[in-house]
Amino acid sequence: GAHDLPAVIADWVLCLSVFTHIDRPDRQAYLEAFLTRASNLLVDIIPGSGLGDVELWTADQRQFEADFEAAGWQLRASTEDVNYDANDRVYYWLTPRPRR
C-alpha cells in the first residue's frame, strides 16, 4: 500500500491506469504519500460512479479532484482522452500547492 512506498524523492511520479482500480481511501493515501516524494504527479482516472464491468473501474471525477486538493496538490493541467480503449480518461498534471 501507500505506506510501503520507498522514501525516494523524484521529479515525477506517473500513476496511470491505477487510481481507477483502487478504492477512495487508498487513492487518498497514495495522493498524500506522493506529495512527500515528488514535485509533479501525472495520474489518470476513468470518470464514473466507481462501478462498471470491473469492480472500481471508474472514479467520481469531482470527488477525485476534491481529494487531490485536500491532499495538498494543485492542478497544473488536465485533458480528456476519448479515443483510448473506448473508455474516456481524464489525465491530471498535479504539483504541490505552495505552502503558506
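pLDDT is the predictor's confidence in each residue, on a scale from 0 to 100. The structure shown above is a predicted model, and this score is therefore the place to begin: the mean pLDDT of the protein is 84, with 80% of its residues reaching 70 or more. Among the elements of secondary structure, β1 has the lowest mean pLDDT, at 88, whereas α2 has the highest, at 94. Where pLDDT is low, the predicted coordinates should not be read in detail.

The secondary structure comes to two helices and four strands, which follow one another along the sequence in the pattern β-α-β-α-β-β. Of the 100 residues in the protein, 34% are buried. If one takes the contacts with a sequence separation of 6 or more, 66% of them are made by residues 24 or more positions apart.

Helix α2, which spans residues 61-71, offers a way into the fold, and its buried residues are F64, D67, F68 and A71. These residues cover an arc of only 95° around the axis, and therefore lie on the same side of α2. The spacing reflects a general property of such helices: an α-helix has 3.6 residues a turn, so residues three or four places apart point the same way. On the other side of α2, R62 and A70 are exposed. The cover over the buried residues of α2 includes helix α1 (24-35) together with the strands β2 (38-45), β3 (73-81) and β4 (89-96).

The two ends of this helix also deserve a look. At its start, a side-chain oxygen of D60 comes to within 3.2 Å of the backbone nitrogen of R62, while just after the helix G72 takes a positive phi of about 110°.

From α2 the reader can move to the interior of the protein. The largest nonpolar core has 19 residues, and those with the most contacts inside it are F19, L31, L41, V43, F64, W73 and Y92. Two or more residues are given to this core by each of β1 (10-15), α1, β2, α2 and β4, and β2 gives the most, with four residues. V43 shows how such a residue is surrounded: leaving aside residues up to four places away in sequence, V43 touches C15, L16, F19, F64, V90, Y91, Y92 and L94.

Charged side chains also take part in the contacts of this protein, which holds two salt bridges. In one of them D67 pairs with R24, and the closest N and O atoms are 2.7 Å apart. This pair links distant parts of the chain, since D67 belongs to helix α2 and R24 to helix α1, 43 residues apart. The two partners can be set against the cut-offs for burial, under which a residue is buried below 20% relative accessible area and exposed over 50%, with partly exposed residues in between. D67 counts as buried because its relative accessibility is 6%, whereas R24, at 31%, counts as partly exposed.

The other salt bridge joins the side chains of D44 and R89, at 3.3 Å from N to O. This pair, too, links distant parts of the chain: D44 lies in strand β2 and R89 in strand β4, 45 residues apart. D44 has a relative accessible area of 2% and is therefore buried, and R89, at 4% relative accessibility, counts as buried as well.

Strand β4 also holds W93, which is partly exposed because its relative accessible area is 28%. When residues up to four places away in sequence are not counted, W93 touches W12, N40, L41, L42, Q74, L75, R76 and A77. With one of these residues, N40, there is a polar contact between the side chains, at 2.8 Å. The C-alpha atoms of W93 and T79, which are 14 residues apart along the chain, are separated by 9.0 Å.

Conventions
Residues numbered from 1 in each chain as written. Heavy atoms only, no water. Buried < 20%, exposed > 50% of the residue type's maximum accessible area, 1.4 Å probe, protein only. Arc of directions from axis to C-beta. Contact = heavy atoms within 4.5 Å. Polar contact = N/O pair within 3.5 Å; in protein donor to acceptor, adjacent residues only side chain to side chain. Core = buried A, V, L, I, M, F, W, Y, C linked by side-chain atoms within 4.5 Å. Salt bridge = Lys/Arg side-chain N within 4 Å of Asp/Glu carboxyl O.
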